[in-house]
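I opened the notebook today to look through one pocket, one surface patch and a loop residue. My entries follow in the order I looked things up.

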Amino acid sequence: MDFEINYLSFYVVQVEGKGENIEKFSKHFQTLDSEEYENSALKDFLDGELAKISKRKVDRHPKTDQAPTKIGRFIVEPGHELSSNPNYNLFNRVRLADTKGLFQETNEKIVTAYLDASAVRGGVLLIASAKLRKYFDEPFLFIMKCDFEPKVASISDENTLIKNVEMAITTKNMKSIQYPYMPEEGMIEEGELKIHQSSHARYFEDFLKFVDYEPSLPEIVKTQVIGMVQEHIEETFQHESEEREQLESSMEIWAASPKREIQERFSTDQVIEAAAQIIEHSPEIELKLKMDHVSVNGLLSDFGENIHMAKVNGRYVLLIESESILFEKGFSPIEFLKPDELANVIEKISK
């Protein structure tokens, strides 16, 4: 993937103080055109990074809420054009700037907006307009942030004396924005961008105030389950009652809890029916649960097929069917077990 830099601006971001006394400011070091970039040290530093950013895989609906790479979508009210979105307008003014002076002038607004974001650390902010030679005449916009690495050491001479570098930068853990999003080579989505931020501080999500992100799979499933519960409440309680209020209150607590106990409100058939709707949308959705200290990992589609749940004498029982059993880590005598008949196990549990 061969990118040609049209223009690139280099800024240093510095952060001083903490809490209410924090001060954040930037300094513009240089803006380069295509020829100046080719002859600069930045070329070696960034060589291959634009291709790496473009090729980095991203799921439209990530498997976790904390996925480092996400697809963002410019927020547009129904009936309005993309040009009604301030982030979209600014990004396009910068990427389509046709002179070095105009490119720097417009990208200063990106730097100002970035400094307003919370949890910003000191480092280098690089803003580039780059053309993918093979496919497009119009350039892409890349925004790249490299944090300062204050404890980086380097070899200063042949005697291997260690020299501290106070404000070293590296492309390791580089945060980036690419606009427009390119789902495949030669294809772009004008209303979308791709962000990558490997740290827990969500710089870019705070910085891009008019961009929304596709929900993660856990968010989608949670929304569908809450909808199922609300529908059950409406069907069960036609009018307001103390029992309905208690159920709605307990469901709010359930929805906000990271660890949740089984609720025992729906039959197996009802759960399988609800799960089928989720599986149709996301076949690979996981099923994870813990019974005392024993963890079980499977697929939601396994429930009712290979995984069965029951209750005996007030205790929970999980039955798992399979054609084979494999042991990986940790040898044990169980590997030589000749399994009992299920009826004998059930009898033992019942007693």
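Before sorting the pocket lining I noted the classes: Ala, Val, Leu, Ile, Met, Phe, Trp, Tyr, Cys and Pro count as nonpolar, Asp, Glu, Lys and Arg as charged, and the others, Gly among them, as polar. I also reminded myself that this is a predicted model.

**Pocket.** I looked up the second largest pocket and got a volume of about 310 Å³. Its lining has 13 residues, and the closest to the centre are Met228, Glu231, Gln270, Ala274 and Gln277. I then asked which elements give two or more residues to this lining, and found α7 (217-236) and α9 (268-281). The largest share is from α7, with seven residues. By class I have five nonpolar, five polar and three charged residues in the lining.

**Surface patch.** Next I went to the outside. I found a nonpolar patch formed by Leu319, Leu342, Val345, Ile346 and Ile349, and together they have about 350 Å² of accessible area. Helix α10 (residues 342-350) gives the largest share of the patch, four residues. I checked Leu319 separately and placed it in strand β17 (residues 315-320). Is Leu319 buried or exposed? I wrote down partly exposed, because its relative accessible area is 30% and that class lies between 20% and 50%.

**Loop residue.** Last, I looked up Glu190, which sits in the loop between β11 (187-189) and β12 (192-196). Its relative accessible area is 41%, so I logged Glu190 as partly exposed too. I also took the C-alpha separation from Glu190 to Thr171: 27 Å, with the two 19 residues apart along the chain.

Key
Residues are numbered from 1 along each chain as its sequence is written. This is a predicted model: local features need pLDDT of at least 70, side-chain atom pairs count only at pLDDT 80 or more; totals for chains, interfaces and linings use all residues. Side-chain values use heavy atoms; hydrogens and water are left out. On a 1 Å grid over the protein atoms alone, a cavity is a set of points where a 1.4 Å probe fits but cannot get out, and a pocket is an open set with protein on both sides within 12 Å along at least five of seven lines; lining residues have an atom within 4 Å of a point. Grid points are joined across faces, edges and corners, and a volume is the space filled by probe spheres set on the points. Patches are made of residues with over 30% relative accessible area and no salt bridge: like charges are joined within 9 Å, nonpolar side chains (Val, Leu, Ile, Met, Phe, Trp, Tyr) within 5 Å. Accessible areas come from the Shrake-Rupley method with a 1.4 Å probe; for residues, only the protein chains shown count as cover. A salt bridge is a side-chain nitrogen of Lys or Arg within 4 Å of a carboxyl oxygen of Asp or Glu. Buried means under 20% relative accessible area, exposed over 50%, partly exposed in between (1.4 Å probe, protein chains only).
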